[in-house]
Amino acid sequence: MKTVAVFFALVAVALARPQVAVEPQVYVVKETLSDNIGLDNYKFAYELSDGQKRDESAHVETRRIGNEDESVLRVSGSYSFVGQDGLTYTVTYVADENGFQPQGAHLPVAPVA
């Protein structure tokens, strides 16, 4: 009788364990890479089979301030993903001497001071 009880207890534990969802395999659908990749200039883009997209480029701008030249790396781009609600969310951004500046319809906007 103990053997039957232990057997059913083990079966109950095995059936009660959380089921691991099998994620579909994600693969690259499209990829673009510029020929001149370097610290002062680059461009790339890709799209994945699950709806994710990313596009980014950067270049160095040199400007004269007084008697000195100042170089600034300017990065701009966008990325998109499909949320759990099935909607596609897109963020566009610029990153430069003023920091990372994202924009998107789903992102909150700081109040004007």
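What percentage of the contacts in the protein chain between residues at least 6 apart in sequence join residues at least 24 apart?

1. Contact range. The model under review is predicted. Among contacts in the protein chain between residues at least 6 apart in sequence, the share joining residues at least 24 apart is 15%.

2. Overall composition. The protein chain contains one helix and six strands. Read from the N terminus, these elements follow the order α-β-β-β-β-β-β. Of the 113 residues in the protein chain, 13% are buried. The exposed area of the chain is about 9,400 Å², and 59% of that area is supplied by carbon and sulfur atoms.

3. Pairing of β3 with β4. Strand β3, residues 53-65, pairs with β4 in the antiparallel sense, and the pairing extends over 13 bridges. Within this pair, R63 lies opposite E70 of β4. The hairpin formed by β3 and β4 has two residues between the strands, and G66 adopts a positive phi near 65° there.

4. Pairing of β4 with β5. Strand β5 covers residues 88-96 and runs antiparallel to β4, to which it is joined by eight bridges. Here G77 is the residue opposite Y93 of β5. Five residues lie between the strands in the hairpin of β4 and β5, where G86 has a positive phi near 90°.

5. Surroundings of S80. Residue S80 belongs to strand β4, which spans residues 68-82. Because its relative accessible area is 12%, under the 20% cut-off, S80 is classed as buried. When neighbours within four places in sequence are left aside, S80 is in contact with G51, Q52 and K53, and also with T88, Y89 and T90. With T90 there is in addition a polar contact between the side chains, at 3.0 Å. As a general point on strand geometry, side chains in a regular strand alternate between the two faces of the sheet.

6. G104 in relation to S80. Residue G104 is located in the segment after β6, the strand formed by residues 99-103. Its relative accessibility is 25%, so G104 counts as partly exposed. The C-alpha atoms of G104 and S80 are 10.0 Å apart in space, with the two residues separated by 24 positions in sequence. Thus a partly exposed G104 may be set beside a buried S80 when this pair is examined.

Definitions and conventions
Residues are numbered from 1 along each chain as its sequence is written. This is a predicted model: local features need pLDDT of at least 70, side-chain atom pairs count only at pLDDT 80 or more; totals for chains, interfaces and linings use all residues. Side-chain values use heavy atoms; hydrogens and water are left out. Helices (H or I, at least four residues) and strands (E, at least two) are DSSP runs, numbered from the N terminus. Buried means under 20% relative accessible area, exposed over 50%, partly exposed in between (1.4 Å probe, protein chains only). Contact means heavy atoms within 4.5 Å. Accessible areas come from the Shrake-Rupley method with a 1.4 Å probe; for residues, only the protein chains shown count as cover. A polar contact is a pair of N or O atoms within 3.5 Å; within protein, one must be able to donate a hydrogen and the other to accept it, and residues adjacent in sequence count only if both atoms are side-chain atoms. Two strands pair if DSSP finds at least two bridges between them.
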